[in-house]
Amino acid sequence: MTQLSVKERMIKRPVHAVPKPAGVSPERAIRLGVSRAFEEELGWRIGVIGVGLTITPFEETLAQFAPDFLTYELRSEGIAGFVAIDADTRSAIIEVLTCHSAMARRALPRDLTAVDAALVRPTLERLLGNLAEHALGTEIEGWVGDVSLGSQILHEGQLEARLAVQDYRVAQVSLDFGVGERQGQLVLAIALPPKVDAKEPDAAPSGIGDLLAKRLRQEPVMIEAVLHRFTMTNADISAWVEGYEIALDGADLGRVAIMAKGAERLLGNARLGQIHGMKAIRLEPAAAPVLGPLGIDPRKSEGPPQGVARTQSEEQGDVISLPQDP
């Protein structure tokens, strides 16, 4: 009997003898996704020195923003997070695109331009696709599956207005360009799915009271966001002309009241901001009370009016008398 050659034995090797690949950690999946994205898009092999993967609250995630980083928002059904690269990584990508290789010396600091953002964008888009592929079968599967690259973020206030106040998974990736001592940084932050508490199915209405309560919950409520309120006389209003300026004394962007229209019922407090180029409000804890104007005529010196000298507590019904000025 003739013995099989090495090549023939390899061809006849049973399929079940192929060793099953070991499980890939989330950090290794990110490492592979980043390095292969640069190689496939730019033909440039880089090294990934380290990957830090943490779950951070909103404030700590927002602190990852740096003014000299090129930052893009990440979108899913809404704003899902952001991806950013430092100035040296941005310069190195442009060097590879224009000169086919990165320089050995670090690039001089310069302002970020729209051309820079347009040249770097395809690499980051390839990065998201590769991360989604390499994350399959790991703990972060689906983390970037439905995420796409959005518009550029220009400043921290813009990012704060767009991000939802929730926890984020943040990946901090250290890059080695393979020339000289040049290294770079990449930050990827994507929101975690919100925790949904299991709810018991609504019980069937047992009476007219339950039916009425259910109907009331479904009724629309008109609400309005109030930044400031003041009173004026008819004479003041009659003096209005085009270009007339009205000062909102005491108005604060961080003190917006959400009221039920027509009912004077406070529903919550908010802070004025911006999202997608539109004015927006973000729900906030109740702000400290602010004293409104007392309506004291500065021309009179008889002391505070009786409306101020005698007030009534709404909770306890107590009458508090304040002494008159001597």
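## The six-stranded sheet

In this predicted model, six strands form an open sheet in the order β1-β5-β6-β3-β2-β4, with antiparallel pairing. Strands are DSSP runs of E with at least two residues, helices are DSSP runs of H or I with at least four, and both are numbered from the N terminus. Two strands are said to pair if DSSP finds at least two bridges between them. The edges are occupied by β1 (47-56) and β4 (148-153); each has a single partner strand, so one side of each is left without a neighbour in the sheet. From one strand to the next, the twist averages 20°.

At one edge, β2 and β4 run antiparallel and are joined by four bridges. Within this pairing, Y72 has Q152 of β4 as its bridge partner.

## Basis of the values

Residues are numbered from 1 along each chain as its sequence is written, and side-chain values use heavy atoms, with hydrogens and water left out. Because the model is predicted, local features need pLDDT of at least 70 and side-chain atom pairs count only at pLDDT 80 or more, whereas totals for chains, interfaces and linings use all residues.

## Glutamate 73 in strand β2

Strand β2 covers residues 70-75 and contains E73. This residue has 4% relative accessibility and therefore counts as buried. The term buried means under 20% relative accessible area, exposed means over 50%, and partly exposed lies in between, using a 1.4 Å probe and protein chains only.

The side chain of E73 makes a polar contact with the side chain of R75, at 3.2 Å. A polar contact is a pair of N or O atoms within 3.5 Å; within protein, one must be able to donate a hydrogen and the other to accept it, and residues adjacent in sequence count only if both atoms are side-chain atoms. Leaving aside residues up to four places away in sequence, E73 also touches several others, among them I79, F82, S148, L149 and R162. A contact here means heavy atoms within 4.5 Å.

## Helices on the sheet

Helix α4 (residues 87-99) lies across β2, β3, β5 and β6 and runs at about 75° to β3. Helix α5 also packs on the sheet, where it touches β2, β3, β4 and β6, and its direction makes about 45° with that of β2. For such values, axes are lines fitted to C-alpha atoms, for helices over the stretch in contact, and angles run from 0 to 180 degrees between N-to-C directions.

The axes of α4 and α5 are 10 Å apart and meet at an angle of about 85°. The two helices are therefore roughly perpendicular to each other, a description used for angles of 65 to 115 degrees; under 35 counts as roughly parallel, over 145 as roughly antiparallel, and the rest as oblique. R90, I93, I94 and L97 of α4 make the contact with D116, L119, V120 and T123 of α5.

## Helices α4 and α2 in detail

The 13 residues of α4 should span 18 Å at 1.5 Å a residue, and the end C-alpha atoms are 18 Å apart, which agrees. The expected span is 1.5 Å times one less than the number of residues. Buried residues of α4 include D88, R90, I93, I94 and V96. These buried residues pack against α2 (26-42), β2, β3 (79-85), α5 (114-134), β5 (168-176) and β6 (183-191). Just after α4, H100 has a positive phi near 70°, although this residue is not glycine. H100 lies in the loop between α4 and α5, and its relative accessibility of 70% makes it count as exposed.

Helix α2 has 17 residues and reaches 24 Å from its first C-alpha to its last, close to the 24 Å expected. Among its buried residues are P26, I30, L32, F38 and L42. The elements that cover the buried residues of α2 include β1, α4, α5 and β5. G43, which follows α2, has a positive phi near 65°.

## Strand β8 and its partners

Five of the five residues of β8 (residues 256-260) are buried, so this strand is largely enclosed by the rest of the structure. V256, I258 and A260 point one way, while A257 and M259 point the other way.

Four bridges pair β8 with β7 (residues 223-226) in the antiparallel sense, and I258 is the bridge partner of A225. Strand β9 (residues 265-275) also runs antiparallel to β8, joined to it by five bridges; here V256 stands opposite A270.

## The chain as a whole

The chain has nine helices and twelve strands. Of its 326 residues, 28% are buried. Among contacts with a separation of 6 or more, 62% are between residues 24 or more positions apart.
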